[in-house]
Amino acid sequence: MTVKSKRLLVIYYNYDPPGKMRLAIQHHLRGLEQGASPHRIVYHNAYTAPYWELDEQLESPPPAVRQTEFDAVILHNSFLCLRWTGWHFYKLKRRFDWIRQINVPKIAIPQDEGDHAGLLDEWLLEWGVQAVLTVHH
């Protein structure tokens with residue numbers, strides 16, 4: 001069976017400088033590149049500054065996102081971990097509202113889903129996430 005190549009947007013959050021990302025995170029992010037059918041993947045690091053320094057100003061989608069029509073958006077666990085930032089979470093969720101507004105299927109890959117589970121559930125529901133890859137039932 002042949003799988004059609006997809007255009008994917010992967011949203012992650014990593015404060016490490018380029019070339020210094022933890023190897024485990026690199027491998028997890030790049031896992032989608034290993035399929036039989038190569039996908040066209042745009043990776044977007046949502047990190048611009050320490051989260052406690054960011055305000056609630058809405059962020060615009062980066063040019064690579066504005067110029068591409070995607071088949072799906074994947075929310076990586078490093079981005080979904082923003083739910084652990086306390087009250088900062090609400091300003092971050094507002095700041096990244098452009099992700100919610102992308103009208104394609106969204107897939108979440110959370111980690112430690114049981115931690116702040118209610119907050120995660122509300123977030124994914126509000127953003128219209130259609131699939132959650134989880135180890136929980």
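In this predicted model, a good place to begin is Leu 9, whose bridge partner in strand β3 is Val 73. That pair belongs to a longer match, in which strand β1, covering residues 7–12, and strand β3, covering residues 72–75, run in the parallel sense and are joined over four bridges. Strands of a sheet pair through backbone hydrogen bonds, and such pairing can be either parallel or antiparallel.

Stepping back from this pair, one finds that β1 and β3 are part of an open sheet of five strands, arranged in the order β2-β1-β3-β4-β5 with parallel pairing. The edges of the sheet are taken by β2, residues 40–45, and β5, residues 129–132; each has a single partner strand, so one side of each is left without a neighbour in the sheet. On average, and with direction ignored, neighbouring strands of this sheet are turned by 25° against each other.

From the sheet we can turn to a pair of helices. Helix α4, residues 88–95, and helix α6, residues 117–126, have axes that come within 13 Å and cross at roughly 15°. Angles under 35 degrees count as roughly parallel, and α4 and α6 are therefore roughly parallel to each other. Their crossing is right-handed.

Which residues bring these two helices, α4 and α6, together? On the α4 side they are Phe 89, Tyr 90 and Lys 93, and these meet Leu 119, Trp 123 and Glu 126 in α6. Sorted by character, the residues of this contact between α4 and α6 comprise four nonpolar and two charged ones, with no polar residue among them.

Methods
Residues are numbered from 1 along each chain as its sequence is written. This is a predicted model: local features need pLDDT of at least 70, side-chain atom pairs count only at pLDDT 80 or more; totals for chains, interfaces and linings use all residues. Side-chain values use heavy atoms; hydrogens and water are left out. Axes are lines fitted to C-alpha atoms, for helices over the stretch in contact, and angles run from 0 to 180 degrees between N-to-C directions. Angles under 35 degrees count as roughly parallel, over 145 as roughly antiparallel, 65 to 115 as roughly perpendicular and the rest as oblique. A crossing is left-handed if the near helix is turned anticlockwise from the far one by less than a right angle, and right-handed if clockwise. Contact means heavy atoms within 4.5 Å. Ala, Val, Leu, Ile, Met, Phe, Trp, Tyr, Cys and Pro count as nonpolar, Asp, Glu, Lys and Arg as charged, and the others, Gly among them, as polar. Two strands pair if DSSP finds at least two bridges between them.
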